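Reader: Please take a close look at one part of this model, the place where domain 1 and domain 2 meet, and set it in the context of the rest of the chain. What does each side contribute to the contact?

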Amino acid sequence: MSYYVTTPIYYVNAEPHLGHAYTTVVADVVARFFRLAGEEVFFQTGTDEHGDKIVQAAKEAGVSPQEYVDRMSQAFRDLWPKLFIEYDNFIRTTEERHKVAVKRFLEKVYEAGDIYFGEYAGLYCFGCERFLTEKELVDGRCPDHKVEPVHLKEANYFFRMGRYQEWLIDHIKNNPEFITPERYRNEVLAFLKDPLEDLCISRPKSRLTWGIELPFDDGFVTYVWFDALINYISGLGWPEDQDRFERFWPQAHHLIAKDILKPHGIYWPTMLRAAGLPPYKGLHVHGYWNVQDAKMSKSLGNVVRPEGLIRRFGADALRYFLLREMAFGLDANFSEEALVRRFNSDLANDFGNLVQRSLTMVNKYNQGLIPEPAVAEAPDLALREAALSTVSRYEEEMVAYRFHRALTAVFELIGQANKYIDQQAPWVLAKDAKQRERLQTVLYHLLETLRIVAILLSPVMPVAAGRLLSYLGLTTEEALSLDKARVFGLLKPQRKTSCGPPLFPRREDKSAAEVSTTEEVKKTEKKTETIKIEDLARIDLRVAEIVAAEPIPGADRLLKLTVKAPEERTIVAGVAKVFRPEELVGKRVVIVANLKPVKLRGVLSQGMMLMAEDEDGLHLVEAPQARPGARLK
Ligand SMILES: Nc1ncnc2c1ncn2[C@@H]1O[C@H](COP(=O)(O)OP(=O)(O)OP(=O)(O)O)[C@@H](O)[C@H]1O
Ligand SMILES: [Zn+2]
């Protein structure tokens, strides 16, 4: 069987945050799970690069839209491997293969008679890049962007979406798996109670040129949503690669957050129907990661960036946290304390200790060799039974996208194995030569449980699972298959195990760290002398935008930065070990503007960039909202 899983293509008007990381990690976990189950999987992610907001963002950054989308798309591409994400295809809507598909798709819908030209006057929200209905407004404002939409009258092309409303209602009703979890299916059915309005699918070039030209009228470009949704088939190679399209499209599963339910639940299936193509198989909708109950979003400026968390906790642990902490479909709050808590209790304590205790005992009592089990007794059979029933529970939950429950099942098994150690007390058996067989049997059952646990955790924590398998003397190639988790007793006696470093060494508790740093601060406060406000005024602190960054030949710590503050100047910064030049471009940072210029490695440095330093290293001090040249006060 084949399985096609997609993430939304992310809009490249800002850098990726934990919300984007979540959807992409889930897609990667799904892809790995179905591969483990022996399916042929195609996993696609990518970036959405057209539309008005991109043009605005590029203008603000002072570059062309193409340069801007190249840079931002790369930021997504750079992040994914750091999270162990292995996609099969990365699609960009500015690629030729995508443009060709959009044009072909539009032609098909046009030929079907479902596109007409007409004039429309209405309320337009530039944030949403679409017309809003009166009903959608809250206190006269767009509920998402909190601005009053403007009156706009424009001639455009429209898609007769309403024609497919009845078909869509029937399809949703007849296919309970089409939109899940159920609350979102009900939400879409509720939308469909009112007659569907036709969808405006063009923008006149007089207003916007950054888009895909309509094949039947070169005065217009395609509306960004109509363009974007088609990525799901253009990425498979439609219309050219019919072979791949036919293999994977009937098994297409889209992952999204609830913010884009309407385009995916309504526009996309009706568009496909109009183009004479079958609908996708399943739409899987999740909730929001919130920070103190507000949606994490670039517009609110409360985003958490994954890079720092990966550096501190590792990608495996972050992936585990994201899947375990959020019940798929519901919102969840992100906090670092919760991450530390899960890390220490689930990964370091429960899982990490089970691994460490088991392998240490095998090392000590059996020269590190896989033991030879004798006849199993009741407690061994109970553990075996638990392991096997965990596999079926896990599989059932994974297939239904209930990842937190799948992980709960695995961790219950881990808990049971820890108890089994306590109850069987191998250290007592080891003291009695007559208990030698019993000891071997117990250790064997532990190692087998670990082998099964490693397989089940591998989609979520691929690297840690791989390490555990190598401790058991197995390679991922030979071990990773769901079928092999369904059998108890595959480890071959006498093969060598090893007891490597702990998989998840405990992390310091943040709250404890905070107490100690405040105490530190109190101590240093006493030491640093106080200054008067006039002293502070002597330092010209300003916001500067980094417009270019390049290495300085022969100086491996230094980068030459060109900044606008607001006039252009050069600053040499000792950050080459921490940041790559392209990561810095576009950032608005704080500089000391009146520092006496100095020549460093032949480059005149006219100021200094401020950085914050803690135990994780250096961090930028950013002021993304302030204009270049803004003074700090
Ligand atoms: N807070 C969040 N929680 C969960 N997923 C999120 C969150 N924010 C963004 N996403 C993911 O990104 C998708 C939207 O991608 P897009 O690039 O359009 O982001 P956006 O909505 O413009 O970002 P923002 O919410 O930061 O303004 C969502 O459907 C979801 O997959
Ligand atoms: Zn809006």
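Author: By the rule used here, the count comes to 40 salt bridges, a salt bridge being a side-chain nitrogen of Lys or Arg within 4 Å of a carboxyl oxygen of Asp or Glu. One of them joins the side chains of Arg580 and Asp78, at 3.8 Å from N to O. This pair links distant parts of the chain, 502 residues apart: Arg580 is in the loop between strand S19 (568–573) and helix H23 (581–584), and Asp78 is in helix H3 (residues 65–82). Helices (H or I, at least four residues) and strands (E, at least two) are DSSP runs, numbered from the N terminus.

The model is predicted, and local features need pLDDT of at least 70, side-chain atom pairs count only at pLDDT 80 or more, and totals for chains, interfaces and linings use all residues. Residues are numbered from 1 along each chain as its sequence is written, chains are lettered from A and ligands numbered from 1 in the order in which they are written, and side-chain values use heavy atoms, with hydrogens and water left out.

The protein is divided into domain 1 (2–286), domain 2 (336–485) and domain 3 (530–620), with bounds from an automatic or database domain assignment. In the contact between domain 1 and domain 2 there are 13 residues from domain 1 and 15 residues from domain 2, where contact means heavy atoms within 4.5 Å. The centres of these two domains, taken over C-alpha atoms, are 43 Å apart.

Domain 1 and domain 2 bury about 1,200 Å² between them, and 82% of this area is on carbon and sulfur atoms. Buried area is the accessible area (1.4 Å probe) that two parts lose on being put together, summed over both. Val29, Phe33 and Leu36 supply 52% of what domain 1 buries against domain 2, more than any other three residues. Across this interface the rule finds 0 salt bridges, and 2 residue pairs are in polar contact, both at pLDDT 80 or more. A polar contact is a pair of N or O atoms within 3.5 Å; within protein, one must be able to donate a hydrogen and the other to accept it, and residues adjacent in sequence count only if both atoms are side-chain atoms.

On the side of domain 1 that touches domain 2, two or more residues each come from strand S1 (2–11), helix H1 (18–36) and strand S12 (252–257). H1 gives the largest share, 6 residues. The residues of this side divide into 10 nonpolar, 2 polar and 1 charged; Ala, Val, Leu, Ile, Met, Phe, Trp, Tyr, Cys and Pro count as nonpolar, Asp, Glu, Lys and Arg as charged, and the others, Gly among them, as polar.

Ligand 1 has 18 residues around it, of which Tyr11, His17, Thr23, Lys295 and Lys298 come nearest; a residue is near a molecule if one of its heavy atoms lies within 4 Å of it. An oxygen atom of ligand 1 is 2.7 Å from a side-chain N or O atom of Thr23, and for the side chain of His17 the corresponding distance is 2.9 Å. A backbone N or O atom of Ala257 lies 3.1 Å from an oxygen atom of ligand 1.
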